[in-house]
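Biologist: Please take one part of this model and go through it with care, and then show me what surrounds it.

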Amino acid sequence: MALALEGSLALARTIALCRPQVVAAYPITPQTHIVEGIAKLVADGQLNCEMVSVESEHSAASVALGAAVAGSRAYTASASQGILLMAEVLFDIAGLRVPLVMTCANRALSGPLNIWNDQQDSMAVRDAGWIQLYCATNQEAIDTTVQAFRIAERCELPVMVCVDGFTLTHTLEPLELPSADEVDGFLPAYVFRHGLNPSDPRSLGTLVAPEHFSEVRHAHHQALLRSMTEIEQADADWAAVVGRHCGGLLEVRGDPDARLGILTLGSVLGTLEDAMDMNPDLPRARFIKLRSFRPFPTEALREACAGLDVLIVLERAISPGGGGIVGPEVQMALANLENPPRVHNFAAGLGGRDLSLDLYERLVTTVTQAASSQPFSIIDVDTTLLPEADR
Amino acid sequence: MLEIRIHGRGGQGNVVAAYLLAAAAIDGGRYAQAFPSFGAERRGAPVAAFVRIDAQPIRRRCQVREPAFLIVQDPALMAVPGTLSGLQPQGTILVDGAVASTNDSGDNEVITMPATQLAMEHIGRPVPNTALLAAFITLTQLMPLSALLDALAERFKGPVLENNQRLVEAAAATVEAGRWQEVAHGAGA
């Protein structure tokens, strides 16, 4: 039965069902309610887990790393500046191939200070070597979180579950929580083959000299690429348990025969789907919900984009001085298709700017009027507010 | 789809009001969604929260721009730009105020009820949200009042819950049951 739950609270209860043995986190908007929820479950005796209140996100990630290496299923959560402060440790966790799960309650980065939703924070650690899965709904966030533990532990890679701050974390809606039996049947007890064990002493994270470092990086890259199979398998297996799919690596929705595609990450998809159905006079679109950004599913993306004339890549972050972050990767993946679609790359909804229903019409009319791909741009910029030189 | 926007100030329980209303709708078998539009979170700052209720699953996650109903927790906010923005032509406004009144002279009917005053009497705190919700549900008949009582019972217990229950009954009695039922039906609830 669906329960009326705030996204964050639903996630806290889901994480408890995954039976983490150590949770270390430092509160930051909009992640706070998740950690508060877990802390309360621990305090109320509903979750048997060591909840470590640390003094910073750097420590949160470090404690989670140590716990996972010492043989505990570990979890942390953060957002925005917290992700940046733990960045050093995030690279360590991934480079040491430590399986743990974190939720990123996606939020803009300073400066200037902004507490609202975009995806600049997780994009900033794109190259940390974590699996990154983006959730379009709170239900997907619940189901992806359960899957994330299995993916992490089978692949020996950390998984970041990216959940749009406020838009998902602070929205109350009807949500299905799995039962304890369903999660227990899906997630075997935590085992880390390369963990630290006094009866079989070894070191982790020691100096690796030039003659081996490239091999370490190569192995890590290969492990990420291999994890695609596990991401798809976890989604299929979990669907067999609860009857709900999250889309594997990516999911094609909307009109599969449309010649116009729109690729999104995260929670904007539902608004675009509603807007398309409300505007029957506008061209219809094939939506591509990119769930796995790392690993980047090149082959699946090429299949999903076959037959498209135009593809809009709508993203929630930018690389200043470059342009889009996801857009160029998509363009490169499609470049040697026989007839690659024209790719238009936009950023929207930065720092919590509302992504309204008219976004669909503006996107579709802009690109159908354009004869060629346009340079990357941010939607909705009021240039009259800017000095002449910045317009 | 019925869309409601709640305006108030930080600390008045705007998000809680939105959550209670959506939870009551969900417990009654409908689909609903509630979420805040936070400014910087601080007491006294104008804030808004949104509620959608529908018979179908709700996919959109944009802010509510053209609500059928406004619930305004502080009468001073009626004069703040943006509060009345986008209200539908037949839309109505429920607002907290010292003296109960019904004003149907303008385009949108405004019902004022002493929510803060009732809250002071029954729960001893100047938090108008529960009283306004009780009046809103009575006016629209969106759900039985018991649905709100059930949603409150999920959040509170003991004397706090009992006082809230008395507050709900007192607040419901200040307005005309079903007066906004047609507006609610017209908006697709």
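Modeller: What follows looks at one helix first, then at the contact between the chains, and then at a sheet. The structure is a predicted model, in which local features need a pLDDT of at least 70 and side-chain atom pairs count only at pLDDT 80 or more, while totals for chains, interfaces and linings use all residues. Residues are numbered from 1 along each chain as its sequence is written, and chains are lettered from A and ligands numbered from 1 in the order in which they are written.

The part I have chosen is helix 10 of chain A, residues 269-278, which packs against helix 13 of chain A, residues 359-369, with the two axes 8 Å apart and at an angle of about 75°. Here helices are DSSP runs of H or I with at least four residues, and strands are runs of E with at least two, numbered from the N terminus. Axes are lines fitted to C-alpha atoms, for helices over the stretch in contact, and angles run from 0 to 180 degrees between N-to-C directions. The two helices are therefore roughly perpendicular to each other, a term that covers 65 to 115 degrees. Helix 10 of chain A brings A:T271, A:L272, A:A275 and A:M276 to this contact, and helix 13 of chain A brings A:L359, A:Y360 and A:E361, where contact means that C-beta atoms, placed from the backbone, lie within 7 Å. By class, these residues are five nonpolar, one polar and one charged; Ala, Val, Leu, Ile, Met, Phe, Trp, Tyr, Cys and Pro count as nonpolar, Asp, Glu, Lys and Arg as charged, and the others, Gly among them, as polar.

The contact between the chains takes 19 residues from chain A and 18 residues from chain B. On the side of chain A that touches chain B, strand 1 (3-6), strand 8 (172-175) and helix 10 of chain A each supply at least two residues, and helix 10 of chain A gives the most, with four residues. That side of chain A has seven nonpolar, seven polar and five charged residues.

Elsewhere in chain A, seven strands form an open sheet with mixed pairing, in the order 3-2-4-5-7-6-12, where two strands pair if DSSP finds at least two bridges between them. Strand 3 (50-53) and strand 12 (292-294) of chain A are the edge strands, each pairing on one side only. Strand 12 of chain A runs antiparallel to strand 6 (residues 131-134) of chain A and is joined to it by two bridges, with A:Q132 standing opposite A:R294.

Conventions:
Parallel < 35°, antiparallel > 145°, perpendicular 65-115°, else oblique. Contact = placed C-beta atoms within 7 Å.
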